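Here are my notes on the model, set out as numbered points. Please read them with the structure open.

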Amino acid sequence: MNISEIKDLMAQFDQSSLREFTYKKDGNELSFSKNKQSNFSAAPVESQAPVMQTAAVETVPTPQKEEGQSSSPAQLAAEGDVVESPLVGIAYLSPGPDKPTFVSVGDTVKKGQTLLIVEAMKVMNEVPAPKDGVVTEILVANEEVVDFGKGLVRIK
């Protein structure tokens with residue numbers, strides 16, 4: 001199974017109303033799921049072939065304000081330049097469902113560092129920091145649909 005076949009299956013699955021899909025070919029198995037569970041369980045497969053699987057991405061709310069900061073969150077939120085979405089798509093705050101977020105409020109970032117990903121037409125587009133600074137606010141939630149020009153992150 002080559003990468004173009006996998007991408008084609010992913011695109012067809014995403015456009016379908018199916019919740020789960022398993023594809024077997026040449027001793028390989030590929031499973032897709034749109035269910036909200038983070039642990040994927042399937043019936044045991046007798047062959048020892050490698051199994052590729054994707055799990056549904058769970059939405060985890062990102063805290064916009066943290067208690068105990070040296071300056072008030074309201075002051076931080078009002079400061080800094082807004083990084084806008086370069087295209088219409090779905091914003092992802094982390095590289096994967098079980099991975100930590102790219103940035104959090106209070107993080108120091110360098111110019112060019114990835115702040116988040118915007119998925120458009122099955123392409124993951126990294127949104128880089130336009131300058132060095134400190135993240136003062138995250139303006140979107142994980143998996144939120146964003147329009148062109150919508151504020152994503154504020155950097156001071």
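1. Two strands count as paired if DSSP finds at least two bridges between them. By that rule β5 pairs with β7: three bridges join the two strands, which run antiparallel. One registration point is Ala91, whose bridge partner in β7 is Val118. Keep in mind that this is a predicted model.

2. β5 covers residues 89–92. Three bridges also join β5 to β10, and these two strands run antiparallel. Here Gly89 has Val146 of β10 as its bridge partner.

3. Which order do the strands of the open sheet follow? The order is β8-β7-β5-β10, four strands with antiparallel pairing. From one strand to the next, the twist averages 35°. Strands of a sheet pair through backbone hydrogen bonds, either parallel or antiparallel.

4. Why is one side of β8 and of β10 left without a neighbour in the sheet? β8 (123–128) and β10 (144–146) stand at the edges, and each has a single partner strand, so one side of each stays without a neighbour there.

5. The overall make-up comes next. The protein has two helices and eleven strands. Reading from the N terminus, the elements run α-β-β-β-α-β-β-β-β-β-β-β-β. Thus a helix opens the series, and three strands precede the other helix.

6. The largest nonpolar core has 18 residues. Val109, Leu115, Leu116, Val140, Leu152, Val153 and Ile155 have the most contacts inside this core. Three strands, β7 (114–120), β9 (133–138) and β11 (151–155), each supply at least two of the core's residues. β7 is also a member of the open four-stranded sheet.

7. Where is the other core? A second, separate core of five residues includes Ile6, Leu9, Phe13 and Leu30.

8. Val109 deserves a look in the viewer. Leaving aside residues up to four places away in sequence, Val109 touches Val103, Leu115, Ala129, Lys131, Asp132, Gly133, Val135 and Ile155. Of these, Leu115 and Ile155 are also listed with Val109 among the residues with the most contacts inside the largest core.

9. Some totals for the protein. Buried residues make up 28% of the 156 residues. The exposed surface is about 9,900 Å², and carbon and sulfur atoms supply 53% of that area. Among contacts between residues at least 6 apart in sequence, 52% join residues at least 24 apart.

How values were computed:
Residues are numbered from 1 along each chain as its sequence is written. This is a predicted model: local features need pLDDT of at least 70, side-chain atom pairs count only at pLDDT 80 or more; totals for chains, interfaces and linings use all residues. Side-chain values use heavy atoms; hydrogens and water are left out. A nonpolar core is a set of buried Ala, Val, Leu, Ile, Met, Phe, Trp, Tyr and Cys residues joined through side-chain atoms within 4.5 Å. Buried means under 20% relative accessible area, exposed over 50%, partly exposed in between (1.4 Å probe, protein chains only). Contact means heavy atoms within 4.5 Å. Axes are lines fitted to C-alpha atoms, for helices over the stretch in contact, and angles run from 0 to 180 degrees between N-to-C directions. Accessible areas come from the Shrake-Rupley method with a 1.4 Å probe; for residues, only the protein chains shown count as cover.
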